[in-house]
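Visitor: I would like to learn how to read a protein model feature by feature. Could you walk me through one?

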Amino acid sequence: MIDSAIKIILLDVEGTTSSIAFVYEQMFPYARRQLVDYCQSHWGESSLVQAIELLAQDAGFQSSDAWFASHAELTPQKIVTDFAAQLMDSDSKATGLKSLQGLLWRSGFETGQLRSHLFDDVLPALVQWQSMGIASAIYSSGSVTAQRLFFGHSIAGDLNPYFVANFDTTIGNKRETDSYRRIAEQLACDPPAILFLSDIAAELDAAKLAGMQTVAVVRPGNAPLPEDYVGERIESFEEL
């Protein structure tokens, strides 16, 4: 199924390379449990400061100073943790939240409390594509930090060397066509030479409008594709 013109395969993560259950039953609860303690113990560190600035934008403010000033009755830590918890509870894809979650997950992965799930066909496919001269890249709503932690501490070992680039929502929403155009530009690759794999029809449609080739990935536990979805679909990377 892989067109001979394909030079790069762009992969979604959740529901494509890894089960949704792992993300929702292990990763998200872990981040929720660690939120308050992490912010208390790492407050003022540059990586957390950067995540907070993004959270402030998610909350509708130009800066964290303006955000904190608007809630003067609360401590800055309380403002951050309450808002982050609210976003977590609503399963938000907000960029600031994803950045913060990446920091929270780091300790879990690095201490061995978390080990990311991968479908059995993922590593063999990455190896095969590399041998064919096809590069692999990641585009996920999870931050680049979280992506590299995820693939660096997987049940199949460290897969980061297989990826030439990682993209998150700082490049744009995954359901917006311009995001895929920007990715193609950063990869210095014409969109038709990029194959995007995802379990979400709206993402596949956006990538297709940008000129990329697309294939829907159907995995156990995924939400069903819309009945009117007419694009190609697979249940395993082996089918490519």
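Guide: Gladly! Let us begin with the vocabulary: helices (H or I, at least four residues) and strands (E, at least two) are DSSP runs, numbered from the N terminus. This is a predicted model, in which local features need pLDDT of at least 70 and side-chain atom pairs count only at pLDDT 80 or more, while totals for chains, interfaces and linings use all residues. Residues are numbered from 1 along each chain as its sequence is written, and side-chain values use heavy atoms, with hydrogens and water left out.

Visitor: Let me start with charges. How many salt bridges does the structure hold?

Guide: Side chains of opposite charge can pair when their charged atoms come close. The criterion here is a side-chain nitrogen of Lys or Arg within 4 Å of a carboxyl oxygen of Asp or Glu. By that rule the structure holds eight salt bridges. One of them joins the side chains of Arg 181 and Asp 178, at 2.6 Å from N to O. Both residues belong to helix 8, three residues apart, or about one turn of the helix.

Visitor: Is Arg 181 buried or exposed, or something in between?

Guide: The cut-offs first: buried means under 20% relative accessible area, exposed over 50%, and partly exposed in between (1.4 Å probe, protein chains only). Arg 181 is partly exposed because its relative accessible area is 38%, and Asp 178 is partly exposed too, at 40%.

Visitor: Which parts of the chain does the pair of Lys 174 and Asp 12 link?

Guide: Their side chains meet in a salt bridge of 2.7 Å, N to O. This pair links distant parts of the chain: Lys 174 sits in the loop between strand 3 and helix 8, and Asp 12 in the loop between strand 1 and helix 1 (20–42), 162 residues apart. Both Lys 174 and Asp 12 are buried. Together with Glu 203, they are linked in a network of salt bridges.

There is also a salt bridge between the side chains of Arg 219 and Asp 121 (2.9 Å, N to O). Arg 219 lies in the loop between strand 5 and strand 6 and Asp 121 in the loop between helix 5 and helix 6 (122–131), so this pair ties together parts that are 98 residues apart in sequence. Arg 219 and Asp 121 are both buried.

Visitor: Back to helix 8. Which of its residues are buried?

Guide: An α-helix has 3.6 residues a turn, so residues three or four places apart point the same way. In helix 8, the buried residues are Thr 177, Ser 179, Tyr 180, Ile 183, Ala 184 and Leu 187. They cover an arc of only 160° around the axis (taken from the directions from the helix axis to the C-beta atoms), which puts them on the same side of helix 8. The face turned away from that buried side carries the exposed residues Glu 185 and Gln 186.

Visitor: What do the buried residues of helix 8 pack against?

Guide: Packing is read from contacts, meaning heavy atoms within 4.5 Å. The buried residues of helix 8 pack against strand 1 (8–11), strand 2, strand 3 (163–167), strand 4 and helix 9 (201–209). Just after helix 8, Ala 188 takes a positive phi of about 55°. Ala 188 counts as exposed because its relative accessible area is 72%.

Visitor: In what order do the strands of the sheet run?

Guide: Strands of a sheet pair through backbone hydrogen bonds, either parallel or antiparallel. Here two strands pair if DSSP finds at least two bridges between them. The result is an open sheet of six strands in the order 3-2-1-4-5-6, with parallel pairing. Strand 3 and strand 6 (233–234) stand at the edges, each with a single partner strand, so one side of each is left without a neighbour in the sheet. Elsewhere, four bridges join strand 4 to strand 5 (residues 213–217), and Ser 198 has Ala 216 in strand 5 as its bridge partner.

Visitor: Can we finish inside the sheet? What is Ser 136 in contact with?

Guide: Ser 136 is placed in strand 2 (residues 135–139) and is buried, with a relative accessible area of 2%. Leaving aside neighbours within four places in sequence, the contacts of Ser 136 include Ile 9, Trp 129, Tyr 162 and Val 164.
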